[in-house]
Amino acid sequence: MKILLYILAALCGYVVAGMNPAIAISKAVYHKDIRECGSGNPGFTNFRRTFGNKWAFVVLFLDLLKAAAITLLFAWLLSRKGVDFQFAAAYTGVFCMLGHAFPFQFKFKGGKGFLVCLSIFFVIDWRVGLIATVLLHILLLVTKYMSVSTVTTLLVCPILLYLFGASLPVVLIALGCALFVAIRHKENFIRLKNGKESKFSFSNSKK
């Protein structure tokens, strides 16, 4: 039964996290594919820059919810079979990350994974998720760059998990997820180096 749960966690994590709200809403509401707009990334930031606030925070909420829900479910189910809750959450989270980044539903072109990764850290340890959220907002206020803020925030999370007593496997999985998101932002850092990276604004006048 435990092996079956591990398999289901991997499959469900990949499939559910592969459901991209930015792509679905851009097509349903605006009759455009977000992957063909702006930076081409089907995530919250590009969606908000392209279409404004009206539906952007629905995208944000759904991206957070999809990974958090499936991670929490299988972490709970596996923990009932004797698996460490945090490890089960981290394990399921890896497949959520892969599903979000490389969804078969959308020809394996997905988002960069920050929101999914953050939601997984919330499930692993809510204190880490909360601190990360506060840190993200502080960095955004200071740097104005979403890429710098998100990657820095995620790289701090494995350190926080270690300080809060998470096991070494959980810390290493968290570090792997954070590095995965950092690598997915390589184009942003190239644009930043060339002075072409767009700054983030907390206000957006588009409707």
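**Why these words are used**

Visitor: Why is E197 called buried?
Guide: E197 has a relative accessible area of 8%. Buried means under 20%, so E197 is buried. The model is a predicted one.

Visitor: What makes the contact of R191 and E197 a salt bridge?
Guide: The side chains of R191 and E197 come to 2 atoms, N and O, at 3.1 Å. The cut-off is a side-chain nitrogen of Lys or Arg within 4 Å of a carboxyl oxygen of Asp or Glu, so the pair counts as a salt bridge.

Visitor: Why is R191 called partly exposed?
Guide: The relative accessible area of R191 is 26%. Partly exposed lies between the limits of 20% and 50%, so R191 belongs there.Visitor: How many salt bridges does the structure hold?
Guide: The structure holds four salt bridges. One of them joins R35 and D33, with N and O at 2.8 Å.

Visitor: Why does R35 count as buried?
Guide: R35 has 16% relative accessibility. The limit for buried is under 20%, so R35 counts as buried. Its partner D33 stands at 13% and therefore also counts as buried.

Visitor: What makes D63 and K66 a salt bridge?
Guide: The closest N and O atoms of D63 and K66 are 3.1 Å apart. The cut-off is within 4 Å, so the pair qualifies. D63 and K66 both lie in helix 4, residues 53-79, three residues apart, which is about one turn of the helix. Both D63 and K66 are buried.

Visitor: How do you know how helix 5 and helix 6 run relative to each other?
Guide: Two packed helices are described by the angle between their axes and the distance between the axes. The axes of helix 5 (residues 85-101) and helix 6 (residues 114-124) cross at roughly 170° and come within 9 Å. Angles over 145 degrees count as roughly antiparallel, so helix 5 and helix 6 are roughly antiparallel to each other.

Visitor: Which residues of helix 5 and helix 6 meet?
Guide: Helix 5 brings F85, Q86, A89, A90, G93, C96, M97 and H100. Helix 6 brings V116, C117, I120, V123 and I124.

Visitor: Why is helix 6 described as largely enclosed by the rest of the structure?
Guide: 10 of the 11 residues of helix 6 are buried, so the description follows. Among the buried ones are F114, L118, S119 and F121. The cover over the buried residues includes helix 3 (44-51), helix 4, helix 5, helix 7, helix 8 (146-163) and helix 9 (168-184).

Visitor: Why does K107 count as exposed?
Guide: K107 has 75% relative accessibility. Exposed means over 50%, so K107 counts as exposed. K107 is found in the loop between helix 5 and helix 6. Its phi is near 60°, a positive value in a residue other than glycine.

Visitor: Is K144 buried, partly exposed or exposed, and why?
Guide: K144 has 33% relative accessibility. That value falls between 20% and 50%, so K144 counts as partly exposed. K144 sits in the loop between helix 7 and helix 8, and its phi, near 70°, is also positive.

Visitor: What makes the nonpolar surface patch?
Guide: F122, W126, L130, V134, I138, L141 and V142 make a patch of about 720 Å². The largest share, six residues, comes from helix 7 (residues 126-143).

Visitor: How do you know that I138 is accessible enough for the patch?
Guide: I138, in helix 7, has 47% relative accessibility. Patch residues need over 30%, so I138 passes that limit. The value also makes I138 partly exposed.

Notes: Residues are numbered from 1 along each chain as its sequence is written. This is a predicted model: local features need pLDDT of at least 70, side-chain atom pairs count only at pLDDT 80 or more; totals for chains, interfaces and linings use all residues. Side-chain values use heavy atoms; hydrogens and water are left out. Patches are made of residues with over 30% relative accessible area and no salt bridge: like charges are joined within 9 Å, nonpolar side chains (Val, Leu, Ile, Met, Phe, Trp, Tyr) within 5 Å. Accessible areas come from the Shrake-Rupley method with a 1.4 Å probe; for residues, only the protein chains shown count as cover. Helices (H or I, at least four residues) and strands (E, at least two) are DSSP runs, numbered from the N terminus. Buried means under 20% relative accessible area, exposed over 50%, partly exposed in between (1.4 Å probe, protein chains only). Axes are lines fitted to C-alpha atoms, for helices over the stretch in contact, and angles run from 0 to 180 degrees between N-to-C directions. Angles under 35 degrees count as roughly parallel, over 145 as roughly antiparallel, 65 to 115 as roughly perpendicular and the rest as oblique. Contact means heavy atoms within 4.5 Å.
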